[in-house]
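Work through the exercises below with the coordinates open. Each task is followed by a solution in steps.

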Amino acid sequence: MAVLRSLAAVRAAPGLWWRAARASLGLQGRCLGRGYSVDAAQGFSSSVQSPPTFGFLLDIDGVLVRGHRVIPAALEAFRRLVNAHGQLRVPVVFVTNAGNILQHSKAQELSALLGFKVEPDQVILSHSPMKLFSQYHNKRMLVSGQGPVVENARVLGFENVVTVDELRMAFPVLDMVDLQRRPKTTPLLRNDFPAIEGVLLLGEPVRWETSLQLIMDVLLSNGNPGTGLATAPYPHLPVLASNMDLLWMAEAKMPRFGHGTFLLCLETIYQKLTGKELKYEGLMGKPSVLTYQYAEDLIQQQAERRGWAAPIQKLYAVGDNPMSDVYGANLFHKYLQMAKHGGAEEWGASGLWKQRPSATQSCASILVCTGVYNPKGPEPTRPTQEAEAAPFHGHRDFSFSPGLMEASHIVNDVNEAVQLVFHKEGWAL
């Protein structure tokens with residue numbers, strides 16, 4: 001992802017990114033108290049409701065739910081977003097970096113939690129844009145993750161997949177960390193197992209040691225893990241990955257490891273063993289621009305189905321993670337601005353859709369305080385050169401850029417985010 005690195009090449013002293021993430025253009029960079037009123041703070045006035053020219057991209061974990069519990073503010077937000085007939089007043093797409101669930105199952109889960117019908121095509125999982133990588137759909141792919149990985153791969157268009165467990169059963173001597181799972185006798189080597197032609201990383205697996213070992217075996221053997229090669233092939237087999245979140249927020253007080261942590265392990269092991277960098281044919285999920293392009297297209301389709309003639313010109317992305325949600329929305333906004341001036345074609349190398357006409361003019365980032373981002377937590381700073389540098393939690397291929405970490409607005413929760421947007425757009429609450 002050299003293009004993304006060059007686009008985000010602006011560097012700053014370590015520690016600034018956290019303060020940038022806490023900055024806000026409208027709310028002075030911190031969550032306000034419980035008594036905060038958008039009406040009083042912003043001073044907007046309501047007007048007669050008109051057809052929407054804006055839409056929402058809503059994160060799920062840390063914005064609408066915490067684990068399996070709905071956040072109360074989400075229910076309040078959807079009382080504003082849904083009309084008396086149970087229909088959305090504006091187009092809404094749910095953009096999550098989760099991927100260990102089927103799209104229609106996630107829609108059913110959201111419907112039960114939020115109290116209105118969520119359609120499957122309103123839900124974007126981290127791997128949903130893999131549908132666009134049709135050149136790999138007929139390849140024999142090793143798939144890693146948990147949950148319905150085979151069903152998800154087939155929904156995405158991949159016709160011939162092998163799971164990590166199936167590979168382990170075919171070559172039991174490859175999985176040696178767990179003493180209880182080691183074969184008691186030495187099995188015969190197989191020579192009838194078709195070569196694997198690529199790797200799909202759909203989400204964090206359960207047994208990391210097994211997945212890391214077998215994925216490395218596939219990459220180092222050029223898809224023939226029962227054999228050994230004197231020299232690891234490079235370039236290696238194509239790798240498609242989704243969900244780069246290092247951390248995510250559930251019921252625990254501190255964030256949990258995400259798939260980004262698993263990718264970090266895989267990249268580090270590959271680098272250590274080969275001396276070369278693991279390459280991706282595609283990286284999907286926030287903050288990838290490809291994911292936002294995909295979401296933009298679904299927003300426009302949703303508006304067309306509802307008969308809203310006015311084009312959707314503004315997107316508001318609401319999330320709880322400065323690295324994935326804020327960074328991604330701002331990166332997409334930057335892409336949109338470049339596209340206006342004909343400069344977006346240089347992004348083609350990073351796997352984006354072919355440039356096409358778009359009515360979308362902007363994408364504003366709104367950071368909420370109900371998930372990963374905690375305004376009351378310690379603020380990493382670097383007062384002297386001897387102090388430790390603040391950690392950058394983004395993926396290796398998305399270089400640190402303080403401007404992309406700055407949220408357009410910071411509010412307490414998703415309900416305040418909806419109120420803020422409605423006031424900005426002159427809509428009645």
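**Exercise 1.** Does Phe158 count as buried or exposed, and why?

*Solution.* The model is predicted, so local features need pLDDT of at least 70 and side-chain atom pairs count only at pLDDT 80 or more, while totals for chains, interfaces and linings use all residues. Residues are numbered from 1 along each chain as its sequence is written, and side-chain values use heavy atoms, with hydrogens and water left out.

Step 1. Buried means under 20% relative accessible area, exposed over 50%, and partly exposed in between, with a 1.4 Å probe and protein chains only.
Step 2. Phe158 has a relative accessibility of 1%, so it counts as buried.
Step 3. Place the residue: Phe158 sits in the loop between α6 (149–155) and β7 (160–163). Helices (H or I, at least four residues) and strands (E, at least two) are DSSP runs, numbered from the N terminus.
Step 4. List its contacts (heavy atoms within 4.5 Å). Not counting residues up to four places away in sequence, Phe158 touches Met130, Tyr136, His137, Met141, Ala153, Leu200 and Leu240.
Step 5. Check one C-alpha distance: Ser134, 24 residues from Phe158 along the chain, has its C-alpha 8.2 Å from that of Phe158.

**Exercise 2.** Describe the chain as a whole, then its nonpolar cores.

*Solution.* Step 1. The protein has 12 helices and 15 strands. Of its 429 residues, 55% are buried.
Step 2. Take the contacts between residues at least 6 apart in sequence: 78% of them join residues at least 24 apart.
Step 3. A nonpolar core is a set of buried Ala, Val, Leu, Ile, Met, Phe, Trp, Tyr and Cys residues joined through side-chain atoms within 4.5 Å. The largest such core has 54 residues, and Leu57, Leu167, Leu201, Ile215, Leu219, Tyr280 and Phe332 have the most contacts inside it.
Step 4. For Tyr280, neighbours within four places in sequence are left aside; its contacts are then Leu201, Val239, Ala241, Leu263, Glu267, His395, Arg396 and Asp397.
Step 5. A second, separate core has 39 residues, including Ile71, Ile101, Val123 and Phe422.

**Exercise 3.** Compare the spans of α8 and α11 with expectation, and examine the surroundings of each helix.

*Solution.* Step 1. The expected span of a helix is 1.5 Å times one less than its number of residues.
Step 2. Helix α8 (residues 208–220) has 13 residues, and its first and last C-alpha atoms are 18 Å apart, close to the expected 18 Å.
Step 3. The buried residues of α8 are Thr210, Ser211, Leu212, Leu214, Ile215, Met216, Asp217, Val218 and Leu219. These pack against β6 (140–144), α7 (164–170), β8 (198–201), β9 (239–242) and α9. Just after α8, Asn222 has a positive phi of about 60°.
Step 4. Helix α11 (residues 322–340) has 19 residues and should span 27 Å; its end C-alpha atoms are 26 Å apart, which agrees.
Step 5. In α11, 14 of the 19 residues are buried. At its start, a side-chain oxygen of Asn321 comes within 2.9 Å of the backbone nitrogen of Met323. Gly342 follows α11 and has a positive phi, near 75°.

**Exercise 4.** Find the side-chain to backbone polar contacts of Thr274 and Gln300.

*Solution.* Step 1. A polar contact is a pair of N or O atoms within 3.5 Å; within protein, one must be able to donate a hydrogen and the other to accept it, and residues adjacent in sequence count only if both atoms are side-chain atoms.
Step 2. Thr274 lies in helix α9 (residues 259–274). A polar atom of its side chain is 2.7 Å from the backbone oxygen of Tyr270, and the Thr274 side chain also reaches the backbone nitrogen of Lys276 at 3.1 Å.
Step 3. Gln300 belongs to helix α10 (residues 289–305). Its relative accessibility is 17%, so Gln300 counts as buried.
Step 4. A polar atom of the Gln300 side chain lies 3.0 Å from the backbone oxygen of Ile312. Beyond four places in sequence, Gln300 touches Ile312, Ala359 and Thr360.
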